[in-house]
Amino acid sequence: PPPAPSACINKSARRGGITTVSILLTLTSANMICSSITASSASLRQGLISMSRGLTLQKIGGDRTVGVRGLASSSTFDTVGVVGLGLMGHGICQMAAASGAHSSIIAYEAEQRFLDKGKERIEGSMNKLLAKGKITQEEADSTLGRINFTTDITALKDVDFVVEAVIENIDLKKDLYGNLGSMCKPETIFASNTSSLSITEMAHMSGRPENFVGVHFFNPVQLMKLVEVIKTDLT
């Protein structure tokens, strides 16, 4: 039989070789094994879930960490803003609302057509989950009820946490963070979902580098319970 997932990860961590990919592959492989074996699959799957929830913010070298998102996670962020409702942003928005950890989610797009498209994506995702029996109609209604869709950027001024998921254009992000930095309350934390641009550079653009992190979600956000957290020297 294959080694236990936790043993794989712990062994890799002791050697200093733990990576986002190694954790992801270990969890994915173990979950596939759980789905294919006999009566012991239920207990093994439960063990995997318990183990994954204990992996929150594992160090993976340098300033990069990786966490496994659990549905029961708590947060001190009462209100969350999501900027950009594209491929990644709509999923981040949906899961933030579905978690029940936040009283409201401000979903922002600069143009109405993009806002409408993002809303359609969220509703489409929710309908798929409903059809598969993964959620109830009440849960779907509750999730959508927590999301406030807007093209008014000033709606973000009082949120506790902002996740930026706009296209990978540094000039666009510079303008965005300049606006958010001057508008949002001083304690608001900014987080970028970028997978290719410098977190440190964007942190300086915001005017509050000490309150800036990277939060790299994996696609599709609704299914991948993994998020990479990146800090800078000033975070």
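Asn-179 has its place in helix H7, in a model that is predicted. With a relative accessibility of 43%, Asn-179 counts as partly exposed, because that class lies between the buried residues, which are under 20%, and the exposed ones, which are over 50%. Between Asn-179 and Gly-207 there are 9.9 Å in space from C-alpha to C-alpha, although the two are 28 residues apart in sequence. The points below turn to helix H8 and then to two pairs of helices.

**Helix H8 and its surroundings**

- Helix H8 covers residues 199-206, and its buried residues are Ile-199, Met-202, Ala-203, Met-205 and Ser-206.
- Around the helix axis these residues take up an arc of only 160 degrees, and therefore they are on the same side of H8.
- The elements against which the buried residues of H8 pack include two helical and strand neighbours named here together, helix H7 (170-183) and strand S6 (161-164).
- The buried residues of H8 also pack against strand S7 (189-192), strand S8 (212-217) and strand S9 (226-230).

**Helices H4 and H5**

- The axis of helix H4, which is formed by residues 89-98, and the axis of helix H5, formed by residues 112-131, come within 9 Å of each other and cross at roughly 55 degrees.
- H4 and H5 are therefore oblique to each other, and their crossing is right-handed.
- On the side of H4 the contact is made by His-90, Cys-93 and Gln-94, while H5 contributes Gly-118, Arg-121, Ile-122, Ser-125, Met-126 and Leu-129.
- Sorted by class, the residues in the contact of H4 with H5 are 4 nonpolar, 4 polar and 1 charged.

**Helices H5 and H6**

- Helix H6 is made of residues 137-145, and its axis comes within 10 Å of the axis of H5, with the two crossing at roughly 165 degrees.
- This angle makes H5 roughly antiparallel to H6, because angles over 145 degrees are counted in that way.
- The crossing of H5 and H6 is right-handed.
- From H5, the residues Ile-122, Glu-123, Met-126 and Leu-130 meet Gln-137, Glu-139, Ala-140, Thr-143 and Leu-144, which belong to H6.
- Sorted by class, the contact of H5 with H6 consists of 5 nonpolar, 2 polar and 2 charged residues.
- Ile-122 and Met-126 of H5 take part in the contact with H4, and Ile-122 and Met-126 are also among the H5 residues that meet H6.

Note on methods. Residues numbered from 1 in each chain as written. Predicted model: local features only at pLDDT ≥ 70, side-chain atom pairs only at ≥ 80, totals over all residues. Heavy atoms only, no water. Axes fitted to C-alpha atoms, helices over the stretch in contact; angles between N-to-C directions. Helix = DSSP H or I, 4+ residues; strand = E, 2+ residues; numbered from the N terminus. Parallel < 35°, antiparallel > 145°, perpendicular 65-115°, else oblique. Left-handed = near helix turned anticlockwise from the far one by under 90°. Contact = heavy atoms within 4.5 Å. Nonpolar A, V, L, I, M, F, W, Y, C, P; charged D, E, K, R; others polar. Buried < 20%, exposed > 50% of the residue type's maximum accessible area, 1.4 Å probe, protein only. Arc of directions from axis to C-beta.
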